[in-house]
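Me: I'd like a close look at one strand in this model and at whatever sits around it. Could you take me through it slowly, and then set it against the rest of the chain?

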Amino acid sequence: MRYGVRMRVATVAGIVGTLLAVGLLIVPRGGSLGPGVLHPAAAAAERFHRPPGMSKIKHVVIIVKENRTFDNYFGTFPGAVGTTTGVIHTGQTVTLGHTPDRTPHDIDHSFQAAVKAINGGLMNQFDLIAGGNVNGELLAYTQLTERDIPNYFAYARAFVLADAMFSSLTGPSFPNHLYTVGAQSGGAINNPRNSGNKWGCDADEGADVQVMDEEGVKSFASPCFDFETLADRLEAKRHSWRYYAPQQGQPGYIWSALDAIAHIRLTELWTQHVVPDTQFEQDALNGDLPAVSWVVTGAGSEHPPSSSCVGENWTVRQVNAIMRGPLWKSTVVFVTWDDFGGFYDHVPPPKVDNFGFGPRVPLLIISPYVHPGFISHTVYEFSSLLRFVETRFRLAPLTARDSTASDLLDSFDFTQRPLDPLMLQERNCAARPAGAPVPPMMH
């Protein structure tokens, strides 16, 4: 079953119903997914309620890929809230075209571009952002299907697909990656400038990043912050952690989020805990994973114009390594994408503060203890990943975001018979280079 115009009405009703039903995150105003306020029930929720059996999870793996919306990847997934059509700025409804494996160019996904595309919740100006519609191609209004990413569809069918997962911030990679470690971005709303492809405390002299305060006033600051992260919470309680990422000078180093946290980047915590992304497979096979792992990569990131096929193969290798190793029965893997990448999504993001949410992004939850073949309609964001870890390891929240975020537990049954591994085969991608340079203004 594919979803067209009729699904958009169901989408809004379904997501609003989910928000009200779970009593978390948003009380919509005017019966829509427009501006909202934090629900007081969320703040009063018990922090450390753990369902029976959650302690079976000893290892949490957070894999962060790049720049895709839910509709761009899973808009055709049966049973999910997706669509195969979109609305452009003229009000015309267009059929979503096919996203090539390697796109001809990137699409602007800055804070300003995201605000323009969302257009107050109308979701109808993706064609007006830079790269969204070059010479009538409407690249922003395209999507992939199961034929293009069959292994991602296989994971979704066997484990959990979340169709109400939103990027934490209305904008690009740098601030959203910071949310995956800190439930905030330090106020950053865009990617650093003049940084020498080093997004953090080792950026070139003169580098800066646009920031915004809670009143919406914008300015520029150093891309080196010093707020507390989930890594600090884990360190304080002596729980092990590693951040697997490309090294300085390698493609993808810009997505190594802890580079922007001074007390980690400029101390022994960096050399002790931030390791090459290429190390993850062997660590998983050897049963040497820490309690919490973050994993980002370069050529396999799926960041346009790079190949989705190559990126999916990279993900399969990481997950296969976990499933082949001795830790499968004690692990949960979250595979998500950091921002919308300029691609269309039809669900208006709830507004929880001046920073977010941004458009929906895919989330796959892979574990022996998830409900098999389940589609979660619960509203999640990157802070939900932190909330899950905090709940499992009894850690205090970092910000209002992770304190009130959904904890993802609706997708789990820790008392069930553990699901078997799903070993998948890598595909034969087109014979082209594995990666391509990404225009520096986009990322």
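What follows starts at a single strand and works outward.

Reply: Sure. Keep in mind that this is a predicted model. The strand to pick is β14, and it covers residues 331-337.

Start with how covered it is. In β14, 7 of its 7 residues are buried. In a regular strand, side chains take turns between the two faces of the sheet. For β14, one side carries T331, V333, V335 and W337, the other carries V332, F334 and T336, and both faces are covered.

Now the partners. β14 runs parallel to β3 (residues 59-65), with 7 bridges joining the two. If you want a register to check on screen, V61 stands opposite V333. β15 (363-366) pairs with β14 too, but that pairing is antiparallel and has 4 bridges. There, F334 stands opposite I365.

W337 deserves a moment of its own. Besides being one of the buried residues of β14, W337 belongs to a cluster linked by ring pairs, together with F70, Y73, F74, F77, Y152 and F153.

What about the stretch between β14 and β15? That loop holds R360. Is R360 buried or exposed? R360 has a relative accessible area of 0%, so it counts as buried. For an arginine in that position you'd want to know what its polar atoms see: a polar atom of the R360 side chain lies 2.7 Å from the backbone oxygen of D163. The list of residues R360 touches, leaving out those up to four places away in sequence, includes R68, T69, F70 and D71, as well as D163, A164, M165 and F166. V81, D345, H346 and V347 are on that list too. F70 is a handy link here, since F70 touches R360 and also sits in the ring cluster with W337.

Another strand pair makes a useful comparison. In β9 (residues 209-212), V209 and V211 point one way while Q210 and M212 point the other, and all are buried. β9 is joined to β10 (residues 218-221) by 4 bridges, and the two run antiparallel. V209 stands opposite A221. The hairpin has 5 residues between the strands, and G216 takes a positive phi near 90° there.

A helix tells a similar story of cover. In α6 (residues 173-182), 10 of its 10 residues are buried, among them N176, H177 and Y179. Just after α6 comes A183, with a positive phi of about 55°.

Back to rings for a bit. The structure holds 24 aromatic pairs. One of them is F225 with F227: the ring centres are 6.2 Å apart and the planes are at 40°, so the pair is tilted. F225 is at 10% relative accessibility, so it counts as buried, and F227 is buried as well, at 11%. Y244 and F280 have ring centres 5.1 Å apart and planes at 90°, so that pair is edge-to-face. This pair links distant parts of the chain: Y244 is in β11 (residues 241-245) and F280 is in α10 (residues 280-285), 36 residues apart. Both Y244 and F280 are buried.

Rings also meet charges. The charged end of R193 sits over the ring of F220, 3.9 Å from its centre, and the charged end of R265 sits over the ring of W270 at 4.2 Å.

One more loop, for a side-chain contact: H105 lies between β6 (97-98) and α4 (111-118). Its side chain makes a polar contact with the side chain of E137, at 2.3 Å. H105 also touches G131, V134, L139, P304 and P305. Computed along the sequence H105 and L139 are 34 residues apart, yet C-alpha to C-alpha the gap is 8.9 Å.

Finally, the whole chain. There are 13 helices and 16 strands, and 64% of the 443 residues count as buried. Among contacts with a separation of 6 or more, 78% come from residues 24 or more positions apart. About 15500 Å² is exposed, and carbon and sulfur atoms supply 53% of that.

Conventions. Residues are numbered from 1 along each chain as its sequence is written. This is a predicted model: local features need pLDDT of at least 70, side-chain atom pairs count only at pLDDT 80 or more; totals for chains, interfaces and linings use all residues. Side-chain values use heavy atoms; hydrogens and water are left out. Buried means under 20% relative accessible area, exposed over 50%, partly exposed in between (1.4 Å probe, protein chains only). A polar contact is a pair of N or O atoms within 3.5 Å; within protein, one must be able to donate a hydrogen and the other to accept it, and residues adjacent in sequence count only if both atoms are side-chain atoms. Contact means heavy atoms within 4.5 Å. Accessible areas come from the Shrake-Rupley method with a 1.4 Å probe; for residues, only the protein chains shown count as cover. Rings of Phe, Tyr and Trp (its six-membered ring) pair if their centres lie within 6.5 Å; planes under 30 degrees apart count as stacked, over 60 as edge-to-face and the rest as tilted. A charge sits over a ring if NZ of Lys or CZ of Arg is within 6 Å of the ring centre and within 35 degrees of the ring normal. Two strands pair if DSSP finds at least two bridges between them.
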